[in-house]
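User: I would like to learn how to read pockets and unusual backbone features in a model. Could you walk me through an example?

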Amino acid sequence: MNVPQTQTQTQTPPATDRTDREDRTHRLVATPAGRIHLVEQGTGPLVLLVHGFPESWYSWRHQLPALAAAGYRAVAVDVRGYGRSSRPQESAAYRMLDLVEDNAAVVRALGEETAVIVGHDWGATIAAHSALVRPDVFRAVGLLSVPYTPPGGPRPGEVFAGMGGDEEFYVSYFQEPGRAEAEIEPDVRGWLAGFYAALSADTMPGPDAPDPHFVSRGGRLRDRFPVGRLPGWLGERDLDVYAEEFERTGLTGALSRYRAMDRDWEDLNPGFTGAPITQPSLFVGGALDASTTWLADAIAAFPGTLPGLRSSHVLDGCGHWVQQERPTEVNRLLTEWLAGLPD
């Protein structure tokens, strides 16, 4: 369903949607994708929350009420390809510049001119590029788990293909159309449970276990996932919410972000090569997250790449899913950072 460009449509969640609350509003808004589904709570300055893979707006369930209570209009989106948002068929439709324009269109559809944008995982990269490409719209940016690395350097597909030696890096595995879907979709719930556990502080494999970011030749990613235990932050009900959405939509839309990375490289070079983000910024990562450890050089480069950085934190004993693993701490860091931003 396409929503006319001049219209914002309030959506009543299905009766089976156990995530609904009376103080949250589900809405469909018109964007270049066709529609973006969002969940809104609170009033005040707009804070746009962008999730990563494989998640949904629900990954911000702890932040929505906290930001609303602190005096903000908190809005969590389903990124293009996820949930109730539009899911174009072509991988090229998931290029970064299109996702940036989706975010700008959401701000306009909500009657605002500017917003603070906060993202996690792929959402952090989308948020960073939204601030980079549309500084007229995004006045500050918060990055969770994945630090900012400016555009430039070698073509991503070539870099990832060269990682792992006899094994295959998960990004390359995801980039081949249909391959990861064939692994995931016969058992979406089980695969998600294992993926979340593999990157969570309390359930991730030990340092001597095979790395779950890599695939053995001829094997599957899930062969290295923990089995039979959910991380502490993920209840059965929470897992149901994620699984039910992906069982309905499939995984192709979500995986298409990985398949558009070389297109991003073409789009953003040379115009944004090496470009810093100058708006006020925040970074929060987990000390046990590979995104933090592998990209330690990117964090060290923040004085040059994020000259507006106001606050940077690496949380001890925390894995990849920072705002769900450590919601109280992340909520405090977010609200303190927001309170210090210029009007």
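Analyst: Happy to! Let us begin with a definition for sorting lining residues: Ala, Val, Leu, Ile, Met, Phe, Trp, Tyr, Cys and Pro count as nonpolar, Asp, Glu, Lys and Arg as charged, and the others, Gly among them, as polar. Keep in mind that this is a predicted model. By those classes, the largest pocket is lined by 27 nonpolar, nine polar and four charged residues.

User: How is such a space found, and what volume does the largest pocket have?

Analyst: The general idea is that rolling a probe the size of a water molecule over the atoms shows where empty space is left. Here, the largest pocket comes to about 1100 Å³. Its lining counts 40 residues, and Trp122, Thr149, Phe160, Met261 and Leu295 are the closest to the centre. Two or more lining residues come from each of α3 (122-133), α4 (156-161), α5 (170-175), α9 (252-259), α10 (261-268) and α11 (290-294).

User: Which element gives the largest share of that lining?

Analyst: That is α3, with five residues.

User: What about the second largest pocket: which residues are the closest to its centre?

Analyst: Those are Met204, Asp211, Pro212, His213 and Leu288, out of 17 lining residues. The second largest pocket holds about 240 Å³ of space. Its lining splits into eleven nonpolar, four polar and two charged residues, and α11 gives the most, three residues.

User: Now the backbone. Where are the cis peptide bonds that lead into Pro54 and Pro270?

Analyst: For these, look at omega. The bond from Phe53 to Pro54 is cis, with omega near -15°, and Pro54 sits in the loop between β4 (46-50) and α1 (63-69). Asn269 and Pro270 are also joined by a cis peptide bond, with omega about 0°; Pro270 belongs to the loop between α10 and β10 (281-286).

User: And phi? What is its value at Asp121 and at Ser145?

Analyst: Here the sign is the thing to check, in residues other than glycine. Phi of Asp121 is positive, near 60°, and that of Ser145 is positive too, near 80°. Asp121 lies in the loop between β6 (115-120) and α3, while Ser145 is in the loop between β7 (138-144) and α4.

User: Are those two residues buried or exposed?

Analyst: The cut-off for buried is under 20% relative accessible area. Asp121 has 11%, so Asp121 is buried. Ser145 has 0%, so Ser145 is buried as well.

Key: Residues numbered from 1 in each chain as written. Predicted model: local features only at pLDDT ≥ 70, side-chain atom pairs only at ≥ 80, totals over all residues. Heavy atoms only, no water. 1 Å grid on protein atoms, 1.4 Å probe; cavity = no way out; pocket = protein on both sides within 12 Å on 5 of 7 lines; lining within 4 Å. Points joined across faces, edges and corners; volume = space filled by probe spheres on them. Helix = DSSP H or I, 4+ residues; strand = E, 2+ residues; numbered from the N terminus. Buried < 20%, exposed > 50% of the residue type's maximum accessible area, 1.4 Å probe, protein only.
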